[in-house]
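Please open the model in a viewer and keep the sequence panel visible beside it. The tour below proceeds selection by selection.

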Amino acid sequence: MVHLSWLLTQMEAQSSSGLVLSRKRRRESSTRDSEEGERLGKYPKCTVGLKNPAPFADELLPVDPKAYERVSMEEAKRGTRANRPVRVYADGIFDVFHSGHARALMQAKRLFPNTHLIVGVCSDDLTHKYKGFTVMNEDERYDAIRHCRYVDEVVRNAPWTLSPEFLIKHRIDFVAHDDIPYSSAGSDDVYKHIKDAGMFAPTQRTEGISTSDIITRIVRDYDVYVRRNLQRGYTAKELNVSFINEKKYHLQERVDKVKRKVRDVEEKSKEFVQKVEEKSIDLIQKWEEKSREFIGNFLQMFGPEGALKHMLKEGKGRMLQAISPRQSPNSSPTREERSPSPTFRLPFFTKTSPPPSPRPHHSGARGYLISEDDEDEDVDEDEDEEN
């Protein structure tokens with residue numbers, strides 16, 4: 001009984017933690033996935049996973065079967081005592097363990113507030129007999145289930161059809177599986193007697209993912225995966241590939257490498273051409289703008305009405321004005337109107353010298369006695385002659 005108390009305490013701890021987490025998920029999750037319940041919300045950073053894998057059922061201490069007393073569906077939904085979790089059983093092959101398996105076990109774990117999930121995994125012999133060859137052997141499948149976070153206990157070499165003795169031995173309250181009839185071993189539905197007994201708890205399948213789908217993908221792309229593994233160092237013998245196929249795969253890989261290089265060069269060349277086109281367009285636009293500005297400036301300077309023409313006109317006018325003689329005024333004062341100007345003698349004549357004899361008029365020379373009035377008359381005569 002001491003060992004039983006310890007086992008129940010461990011179950012209680014695991015179930016209570018699962019209960020708290022489940023309730024928290026229900027509070028904080030959204031309602032986007034109606035088939036599988038509410039999705040998980042965001043949580044503060046904390047460690048919610050278990051540290052140890054789930055134990056095997058045959059490694060646990062035996063429990064007195066007389067203590068087994070089933071729980072009804074109403075009691076299970078209402079919630080049981082902490083030391084009496086609802087024991088839910090889910091079985092399967094679980095080959096190539098994937099998210100569809102994990103979701104099914106999650107649904108089974110969340111069926112009731114206080115759930116102890118037992119998962120049965122069928123052996124290789126039984127599976128090969130009733131379903132077919134598996135990718136993973138039984139030990140690998142056992143170990144994969146043990147490390148699923150929703151599993152509390154694993155039953156190795158589980159039976160294909162559940163008997164009353166098996167249910168009593170493992171003190172199972174409910175069996176979880178999808179509601180689709182599972183025909184096998186000469187029966188239309190191997191869970192029919194479980195459903196009739198009111199011990200069946202349905203779950204939902206995850207569409208788009210299954211072991212058969214994964215195997216189909218591998219078979220469909222067989223050559224791709226063979227070449228992949230050859231690149232990773234597997235030998236042709238390990239892959240069961242003939243010598244000729246091995247050389248063919250290596251040749252295909254080389255051809256693909258060349259194609260990838262050519263594709264990369266094409267992409268880079270396209271990018272380069274695109275960049276050159278963009279730059280050339282920018283240069284053309286800038287050149288057009290600059291050319292318009294240059295032409296406008298040229299026309300402003302050298303055009304018909306440009307600044308150069310005006311400058312030449314002004315320069316020509318100034319040159320003509322500079323080289324043309326001054327015109328005398330139309331009404332110049334007469335000799336009588338002019339103020340008399342004082343006479344002066346040349347410095348080489350003195351008062352004692354005799355008056356000079358008159359000399360003939362040559363080239364405008366009037367005599368040694370020169371006055372300012374005479375000079376003005378000579379200037380006026382010269383201007384009149386030039387006009």
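In which helix does Arg260 lie? Select Arg260 to begin: this residue lies in helix 10, residues 243-302. Before continuing, note that this is a predicted model, in which local features need pLDDT of at least 70, side-chain atom pairs count only at pLDDT 80 or more, and totals for chains, interfaces and linings use all residues. Residues are numbered from 1 along each chain as its sequence is written, and side-chain values use heavy atoms, with hydrogens and water left out. Helices (H or I, at least four residues) and strands (E, at least two) are DSSP runs, numbered from the N terminus.

**First stop: Arg260 and its network**

Arg260 counts as partly exposed because its relative accessibility is 36%. The terms of burial are these: buried means under 20% relative accessible area, exposed over 50%, and partly exposed in between, with a 1.4 Å probe and protein chains only. Display the side chain of Glu253 next; it makes a polar contact with the side chain of Arg260 at 3.3 Å. A polar contact is a pair of N or O atoms within 3.5 Å; within protein, one must be able to donate a hydrogen and the other to accept it, and residues adjacent in sequence count only if both atoms are side-chain atoms.

Extend the selection to Arg227 and Asp256. Together with Glu253 and Arg260, these residues are linked in a network of salt bridges. A salt bridge is a side-chain nitrogen of Lys or Arg within 4 Å of a carboxyl oxygen of Asp or Glu. Within this network, the side chains of Asp256 and Arg227 meet at 2.0 Å, N to O. Asp256 lies in helix 10 and Arg227 in helix 9 (residues 222-231), so this salt bridge ties together parts that are 29 residues apart in sequence. Asp256 is partly exposed at 21% relative accessibility, whereas Arg227 is buried at 16%.

**Second stop: salt bridges of strand 3**

The structure holds 15 salt bridges. Select Asp58 and Arg156, whose side chains form one at 3.0 Å, N to O. This pair links distant parts of the chain, 98 residues apart: Asp58 is in the loop between helix 1 (2-28) and helix 2 (73-78), and Arg156 is in strand 3 (residues 153-156). Asp58 is exposed, at 54% relative accessible area; Arg156 is partly exposed, at 31%.

Move along strand 3 to Glu153 and add Arg87. Their side chains meet in a salt bridge of 3.6 Å, N to O. Because Arg87 lies in strand 1 (residues 86-92) and Glu153 in strand 3, the pair ties together parts that are 66 residues apart in sequence. Are these two residues buried or exposed? Both Arg87 and Glu153 are buried.

**Third stop: Thr134**

Select Thr134, in the loop between helix 4 (124-130) and helix 5 (138-146). With 7% relative accessibility, Thr134 counts as buried. Its side chain makes a polar contact with the side chain of His128 at 3.4 Å, and also reaches the backbone oxygen of Met136 at 2.8 Å. Leaving aside residues up to four places away in sequence, Thr134 touches Ile93, Asp95, Asp124, Thr127, His128 and Arg141; contact here means heavy atoms within 4.5 Å.

**Fourth stop: two asparagines with positive phi**

Which phi value does Asn157 have? Phi of Asn157 is near 55°, a positive value in a residue other than glycine. Asn157 is found in the loop between strand 3 and helix 6 (164-169) and counts as exposed at 51% relative accessibility. Proceed to Asn240, which is not a glycine yet has a positive phi of about 60°. Asn240 is in the loop between helix 9 and helix 10, and is exposed with a relative accessible area of 68%.

**Last stop: helix 11**

Finally, select helix 11, residues 307-323. This helix has 17 residues and reaches 24 Å from its first C-alpha to its last, close to the 24 Å expected at 1.5 Å a residue. The expected span is 1.5 Å times one less than the number of residues. How many of the residues of helix 11 are buried? The count is zero among its 17 residues, and helix 11 is hardly covered.
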